[in-house]
Number of protein chains: 2
Amino acid sequence: RRTSTVHPYPDPSLVGIVLGAQWGDEGCKGKLVDLLASESDVVCRCQGGNNAGHMVHCGSLEYDFHMLPSGFHLPNCVNIIVNLPELVDEIKKNEAKGVTDWQKRLLISDRAHLVFDFHKQTDGLIEKGRANVPSFSIYPFSLLRSLGTTKKGIGPTYSSKVTRNGVRVIDLMGDFDVFAEKLRNLFNYYKMTFPDLEGDIEKTIAQFKELAEYFRPMVTDTIAYLNRVILDGDKKILVEGANATMLDIDFGTYPYVTSSNCSIGGVLTGLGLAPKFIGDIYGVVKAYTTRVGDGIFPTELNNDIGVHLQTKGHEIGVTTGRKRRCGWLDLVLLRYTNMINGFTALCLTKLDTLDELSEIKVATTYKRHGEILNSFPASVDTMHDIEGLLLSFIVVQR
Amino acid sequence: RRTSTVHPYPDPSLVGIVLGAQWGDEGCKGKLVDLLASESDVVCRCQGGNNAGHMVHCGSLEYDFHMLPSGFHLPNCVNIIVNLPELVDEIKKNEAKGVTDWQKRLLISDRAHLVFDFHKQTDGLIEKGRANVPSFSIYPFSLLRSLGTTKKGIGPTYSSKVTRNGVRVIDLMGDFDVFAEKLRNLFNYYKMTFPDLEGDIEKTIAQFKELAEYFRPMVTDTIAYLNRVILDGDKKILVEGANATMLDIDFGTYPYVTSSNCSIGGVLTGLGLAPKFIGDIYGVVKAYTTRVGDGIFPTELNNDIGVHLQTKGHEIGVTTGRKRRCGWLDLVLLRYTNMINGFTALCLTKLDTLDELSEIKVATTYKRHGEILNSFPASVDTMHDIEGLLLSFIVVQR
Ligand SMILES: Nc1nc2c(ncn2[C@@H]2O[C@H](COP(=O)(O)OP(=O)(O)O)[C@@H](O)[C@H]2O)c(=O)[nH]1
Ligand SMILES: Nc1nc2c(ncn2[C@@H]2O[C@H](COP(=O)(O)OP(=O)(O)O)[C@@H](O)[C@H]2O)c(=O)[nH]1
């Protein structure tokens, strides 16, 4: 039998990666990144957009990052789905808190896709379209109900990307007339599906003409940049995953997932980083489990303990302000996300939230019809037997 | 300076991966996979669908694979976008050529997304919608022209996946009424955009009821399966990438790309394979360059030599029957795809096609406005200066 760790001590000069191991909000993911970032020269985001939120505490100041990598006071690059108007706001807010000189340090990928206002609107209109379809009582979750997205337009932007009429940062850097025409065409394409879309596309075009000049100095071929930095070998690189593996479009609890790959593969597809340069992969694990929005959650606690965890743990979303659902730590889930990512280290957070509980449970096994499931199932929604999913727990008394 | 190969001799028992290093059709990609497959116990596909085509020559027989992995006579798994009705046809054709017993060896991922007839129809209708938009002569490529897709419905299926109303194999395995309702809802959603969609969805539902039973024994949690096989350590695993890096949705010549990640990251997101288990990454390189469909092609030869390569090299697509565009080998492109994938070995194919040429060229550098570009550019379409992209060549006389 082969042991599962093939490279037990990866070269510390390789790229470090921080990933959420549950449904996001693993607590100090931002804190860990900030800690590691202080030893790093380059900090990168690789997927998602401003659907993610991290709060970084630094002395008496709270920085609140959505698109920006957590080490915004360091050289860093953004290599994702970018909403440029909101990125300006995010930068301004952080400037007000004393971050300066970022112009020389923020790099934006020339291949990133742009979020437009109609992408955000579409997020809402899709829900409206869904609401027109009758829901059927036989389903544990009605089929076309809201997915509980953050309504930042990230899903529709990934959809434009796949449809291959998405508009990228590089388009904004090229001939502006071509950019304007691409944007008009994309807007018209959306109008075909959603005639109720509002907004004056010519105003958006004028706005982006200004944004082009604001961001031009930062736009870089981040693939070539990152690979050059790695080969030079004198800089420490950190990648900050947004969202978390259980929200991954392929491995998460589909369809209640985000629109991108937030597991290790998304780091490669986002940055153009070859696997041989991957060093430590840190999995951030909260001592219990939380989830924002809809979807299956086997260890959820719909009782006083759940309320206690929510209150004591301040479990309220940074991006949306929604209360997080709370439940026990789930090792079946953790084994699954560890299998996919191959974590080399785990960072356990928020143990103190459990301080006042006399009994703590940790789920170890799922059973269905008496049989032990060998992994986290592909779908529990459609099986009609969420109630039939029995969990075995370890109980810790104190 | 760090050398670029950190693991020069990866453990041969790790997972081997074959990827196209150009725009697909690298020649013996299928042949190499077949060669390696004969030493492998498990052969996997990880992305795309039946937009890809491989021809495997075996004695006097020609096998023609689209969704099936090339080692179909071996245990193998399909972990992609599957068109089940067409997979039945593909299996039947191969059965007729003498492949038997595949039922015990073919595994289909429970998380794969299903292609439906309306996805295929949509591929055509999107082009029709595009054709209604006036094309503008100022653009080197008109903005909304056909992308030259294979029209297999793969793009729209990836789009359903991202919109999170996609229907997966696991749905077909669960409560059939729930599956039927999901399918009706997805069809109605497409009808909102494309009222002209044809077909009787109830007929499709009836067809899938039969397909569910045909495929049920093969449906597996391939993530858990593959990881178990790796940890057992006694089986050799091979992954066969479809399409190629220059067609990758993130790294290719967007928008003239396929709808999935066909570089190394797509192997991880497709299979749930942690990076530590990656062994050899074979890049398949044709001794010249070809491209099917539209999009930039810097070394393209629109002359007698191009025609010679097309004819001598039998450059006609396996999936679509289209003639391939031909040009010189491009090392700028190869450096780029090698940077992204980190190839540990290159497999050079079809050198013999160049036999009769007195002079062979190999592009080494791109220049724009006299400046050398340091990597393959994010976009050459929107720069108005495809003609301005000067190539430096090495010329081989004989
Ligand atoms: N009680 C407690 N709270 C923590 C701990 N680590 C982080 N938090 C809080 O958890 C909240 C979410 O943290 P954040 O970094 O935004 O989570 P992220 O989305 O995973 O990056 C913040 O209010 C943090 O102050 C911890 O170890 N104990
Ligand atoms: N002349 C020549 N033809 C080859 C060679 N290798 C493959 N081919 C042919 O190239 C065509 C495309 O091969 P295929 O395996 O379908 O390409 P793939 O899409 O990259 O897998 C087939 O007709 C092969 O017979 C070679 O080394 N020399």
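This is a short dialogue about reading the interface and two helices in a predicted two-chain model.

Colleague: What should I know before I start on this model?

Modeller: It is predicted, so to speak, throughout: local features need pLDDT of at least 70, side-chain atom pairs count only at pLDDT 80 or more, and totals for chains, interfaces and linings use all residues. Residues are numbered from 1 along each chain as its sequence is written, chains are lettered from A and ligands numbered from 1 in the order in which they are written, and side-chain values use heavy atoms, with hydrogens and water left out.

Colleague: How many residues of chain A are in contact with chain B, and how much area do the chains bury?

Modeller: The size of an interface is often given as the accessible area lost when the parts come together. Buried area here is that loss, with a 1.4 Å probe, summed over both parts. Chains A and B bury about 8,000 Å² between them, 60% of it on carbon and sulfur atoms. Counting contacts (heavy atoms within 4.5 Å), 90 residues of chain A meet 90 residues of chain B.

Colleague: How many salt bridges are there between chain A and chain B?

Modeller: A salt bridge needs a side-chain nitrogen of Lys or Arg within 4 Å of a carboxyl oxygen of Asp or Glu. The count is 2, and one of them pairs Lys161(A) with Asp250(B), the closest N and O atoms being 2.8 Å apart.

Colleague: Which helix of chain A gives the largest share of the side that touches chain B?

Modeller: Helices and strands are DSSP runs numbered from the N terminus (H or I, at least four residues; E, at least two). Helix 6 of chain A gives the largest share, 8 residues.

Colleague: What rotation superposes chain A on chain B?

Modeller: Copies are superposed by least squares on the C-alpha atoms of residues with pLDDT of at least 70 in both. A rotation of 180 degrees with 0.0 Å of shift along its axis does it, at RMSD 0.0 Å. That is the relation of a two-fold axis. The same surface serves both copies, as 100% of the contact residues of chain A recur in chain B.

Colleague: Is helix 4 of chain B buried or exposed?

Modeller: Buried means under 20% relative accessible area, exposed over 50%, partly exposed in between (1.4 Å probe, protein chains only). In helix 4 (residues 154-163) of chain B, 10 of the 10 residues are buried, so the rest of the structure largely encloses it. Just after that helix, Arg164(B) has a positive phi of about 65 degrees.

Colleague: And what follows helix 9 of chain B?

Modeller: Gly272(B), with a positive phi near 70 degrees. Helix 9 (residues 264-271) itself is mostly covered, with 8 of its 8 residues buried.

Conventions. Buried area = accessible area lost by both parts, 1.4 Å probe.
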